[in-house]
Amino acid sequence: MRPFLLCLCVLESLFRASTQCTVPASEFQQEGDYLIGGLFDIHHVSAHVYHNRPETFNCSSKPFIPSSYRRFQLMRFAVAEINNSTNLLPNVSLGYEIFDHCSENQNFPGIFNLVSVNGSIQPWGDSHKVTKVIAVVGPFSSTEALTVAPLFMMDLIPMVSYGAAKSAFSEKIKFPSFLRTVHSNKDTIEVIVKIILHFNWQWIAFLNSGDDYGKDGLAMFIERIKDTDICLPVTKVLIDDTNYSQMFKQIEAERINVIVVFAPEMDAEALIMAAVQLNVTNKVWIAGDTWSLNDMLPREKGIKNIGTVLGVSQSIVTIPGFSDFIYSSKRQTHCGIARRQTFCNQVCNCSSLSAEDLISTDPSFSFPVYSAVYAVANALHNVLQCGADQCNDSITVYPHMVLAELKKCNFTILNQSIHFDENGEPKFGSYSIVFWNPSGEAQRIGYYNFHPSVNSFINSSNIQWYTNGEMPTSRCSPECTVGHAKHQDGKHKCCFTCAICPTGTYVNSTEDPYKCIKCEETEWSAEGSTSCSVRSVEYIPFTDSGAVLIMLGAWALVGITLATSVLFAMNYNTPVVRSAGGPMCFLILGCLSLCSLSVFFYFGKPTVSFCVLRLLPFVLFYTVCIACFVVRSFQIVCIFKIAAKFPKLHGWWMKYHGQWLVISVAFVAQALFLIIGHSFGPPKTYRDTLWYPDKIILGCEVNLKAFSCSVMLLLCLSSLCFIFSYMGKDLPKNYNEAKAITFCLLLLILTWIIFATVYVLYHGKYIQTLNALAVLSSLYSFLLWYFLPKCYIIIFQHHKNTQQYFQGLIQNYTKTISQ
């Protein structure tokens with residue numbers, strides 16, 4: 001830092017030695033008790049000139065900028081207005097030294113003069129030295145501000161910029177004495193993005209200048225659109241030798257219809273004029289606040305052919321008295337004819353610009369200049385402890401004191417409340433949204449307010465689109481139809497193909513249009529849905545007609561078994577009852593009744609207990625029934641066949657009551673198997689969501705592995721029963737118990753084959769009804785085809801229920817066997 005400051009001193013001395021300028025009365029200078037510095041780019045250096053030694057720089061030979069000269073006059077007007085006021089700084093006069101800051105980095109003499117102490121730079125002097133100026137208004141561009149700001153930051157000289165919008169100036173560590181009366185690029189970009197989102201444009205080109213203002217705007221734009229549907233396929237930097245033809249060809253090749261131009265006024269003018277000359281048509285141009293109120297371009301021949309121009313601008317605040325001030329200034333002759341120059345280049349060169357032209361030129365950034373001057377004056381008012389009619393002139397004013405009061409200032413001017421936040425950003429002002437109408441005027445069609453609360457409005461009906469009323473579109477790909485998700489095609493998310501969302505998924509275009517979201521298990525959706533619907537939960541209620549019929553059938557079975565038991569009890573000692581099994585008949589009938597309990601638990605909303613009771617009573621007591629029929633089949637075969645050939649086996653069977661032993665073993669084994677099965681894999685409820693997209697079928701799930709032993713025991717008993725009963729198929733025709741058992745078993749097998757087939761093919765809620773029906777059919781097969789024929793004989797064929805009749809059958813069959 002020390003060598004750098006030494007160089008500045010040397011440069012300043014060289015400039016002073018070579019120029020030897022005097023100080024005449026000039027627009028650029030006014031004496032006063034306190035001086036405010038001003039930096040305005042009245043002229044503009046369009047190309048950099050390199051020198052091998054320090055040389056004076058003549059700004060007046062460079063292109064003249066009317067809008068900047070208007071802002072220059074506004075500062076002079078504000079100072080004159082303050083000096084004529086008796087309220088703000090009574091008995092204190094403000095002066096100014098304004099410098100034509102026509103180059104970003106090639107005309108430092110004026111800057112050195114502003115930061116000098118008593119005519120010379122003293123970088124290592126007392127930190128409380130009194131400089132010539134108490135504050136500086138300006139400069140306009142971000143690059144100019146970045147170049148000169150370090151020279152003012154060292155001594156905390158307040159810089160109040162009216163145009164430098166680069167977001168980096170909010171960093172108070174680097175720029176402790178920098179404030180501004182214009183909103184940062186971040187705010188401007190926010191408004192531009194709001195316009196783009198409002199019209200639902202997505203395919204955008206962003207053209208920016210190569211200076212700090214343009215680069216920062218591009219960075220802010222890219223950051224802002226990250227979480228939006230906006231894509232940026234083309235970004236171009238506008239420089240002196242930009243190939244406009246090639247640039248517009250690229251934009252046309254990408255089918256981009258919306259172009260954001262974020263550049264200073266001169267760069268924007270060159271771009272738009274090139275578009276007119278190259279016959280670029282049918283575009284929407286979005287102008288930044290630097291050129292949206294340009295007074296020349298809207299009236300340019302052929303401007304209507306380029307399309308529609310929208311823009312973001314500073315809200316125009318009418319400043320009373322300014323026009324009179326301009327007319328008065330123009331009547332004086334020193335403008336443009338100054339014989340001597342304060343800084344050797346302070347000539348406005350504006351004699352060709354009439355007062356009317358100056359008043360009607362682009363008013364952008366006028367109020368920021370006006371409010372900046374008044375902010376400094378109010379800060380000085382507080383430093384000097386000014387009262388109603390005088391200020392304390394004994395106070396030595398240092399720039400850092402003015403800075404402290406600037407940060408705290410809060411005053412109202414032209415109905416605008418002027419104050420800053422902790423970063424020196426303005427907490428006032430708003431943006432206008434404008435449209436270049438066919439009359440060549442920037443027509444206000446909306447606004448965006450920052451304070452006290454953020455709100456915006458755009459009146460689209462006032463825009464006359466180049467498409468004759470229909471709002472233009474700018475997309476890489478046409479929007480997908482409802483129910484279709486986007487699949488990105490290339491590096492830009494705006495380029496995509498559309499695919500319909502399958503069943504069970506949906507697309508939410510507002511949250512994530514690129515994803516088919518899977519519905520929850522309890523929800524469903526048809527193909528191409530935008531939301532999920534709650535699945536209907538289905539099970540067989542007790543009130544279902546099928547359920548009622550089956551439960552009535554179960555009660556009927558219980559009634560029939562009870563009646564049969566009573567009939568058998570009344571005829572217990574008759575041959576029919578004894579041949580049917582005697583006491584074993586009551587066990588079979590009781591088990592059939594207990595099995596029917598399972599039927600009732602197939603209906604109603606399934607629970608774990610319901611699932612257990614569907615399986616347990618039927619399997620356990622049906623095992624006893626089958627075991628009884630195994631024993632009964634074996635006894636029939638034994639009596640007629642085994643007894644004659646194996647008398648000892650028959651004797652052992654009779655002695656140890658083999659039939660009850662087999663039944664007991666089967667019952668105990670099945671009970672153990674069921675206990676083990678319920679311990680390792682008990683039945684549980686399940687929700688079938690696979691077969692029907694819009695339904696949830698409630699049912700019970702049985703772990704076949706856990707209950708495999710129980711099933712195998714039933715199958716083994718059924719197989720033995722069938723084998724023994726089939727062995728007795730040649731018994732006497734009238735003695736047909738074995739045939740009846742065989743027929744019952746065949747019905748049982750057929751019932752479960754039919755149910756298994758239906759279970760594989762059908763998965764609706766009525767599978768529970770069919771299961772209950774299969775259980776009830778299994779019970780009725782034995783009741784109807786084994787017991788009811790015997791009841792018929794007992795009631796209607798008494799002659800067959802005698803001892804003589806049965807002995808005759810046995811004797812006849814014995815003779816047949818012996819022969």
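**Exercise 1.** Classify Arg-224 by its relative accessible area, and describe its salt bridge.

*Solution.* Step 1: Arg-224 has a relative accessible area of 24% and is therefore partly exposed; the class lies between buried, under 20% relative accessible area, and exposed, over 50% (1.4 Å probe, protein chains only). The structure is a predicted model, in which local features need pLDDT of at least 70 and side-chain atom pairs count only at pLDDT 80 or more, while totals for chains, interfaces and linings use all residues. Residues are numbered from 1 along each chain as its sequence is written, and side-chain values use heavy atoms, with hydrogens and water left out.

Step 2: Glu-190 is the salt-bridge partner of Arg-224, with the closest N and O atoms 2.6 Å apart; a salt bridge is a side-chain nitrogen of Lys or Arg within 4 Å of a carboxyl oxygen of Asp or Glu.

Step 3: This pair links distant parts of the chain, 34 residues apart: Arg-224 belongs to helix α6 (residues 212–224) and Glu-190 to helix α5 (residues 185–198). Helices (H or I, at least four residues) and strands (E, at least two) are DSSP runs, numbered from the N terminus.

Step 4: Glu-190 counts as buried, at 19% relative accessibility.

**Exercise 2.** Determine which parts of the chain the salt bridge between Arg-180 and Glu-425 ties together.

*Solution.* Step 1: The side chains of Arg-180 and Glu-425 meet at 2.7 Å, N to O, in a salt bridge.

Step 2: Arg-180 is in strand β6 (residues 178–180), whereas Glu-425 is in the loop between β13 (416–419) and β14 (430–436), so the pair ties together parts 245 residues apart in sequence.

Step 3: Arg-180 and Glu-425 are both buried.

Step 4: The whole structure holds 11 salt bridges.

**Exercise 3.** Identify the residues that touch the most other members of the largest nonpolar core, and the helix that gives the most to this core.

*Solution.* Step 1: A nonpolar core is a set of buried Ala, Val, Leu, Ile, Met, Phe, Trp, Tyr and Cys residues joined through side-chain atoms within 4.5 Å. The largest has 64 residues, of which Phe-603, Tyr-622 and Phe-787 touch the most other members.

Step 2: Helix α17 (residues 608–645) gives the most to this core, namely 14 residues.

Step 3: Beyond its neighbours within four places in sequence, Tyr-622 has contacts that include Cys-595, Leu-714, Leu-748 and Phe-782, contact meaning heavy atoms within 4.5 Å.

Step 4: A second, separate core has 62 residues, among them Ile-36, Tyr-69, Val-137 and Leu-384.
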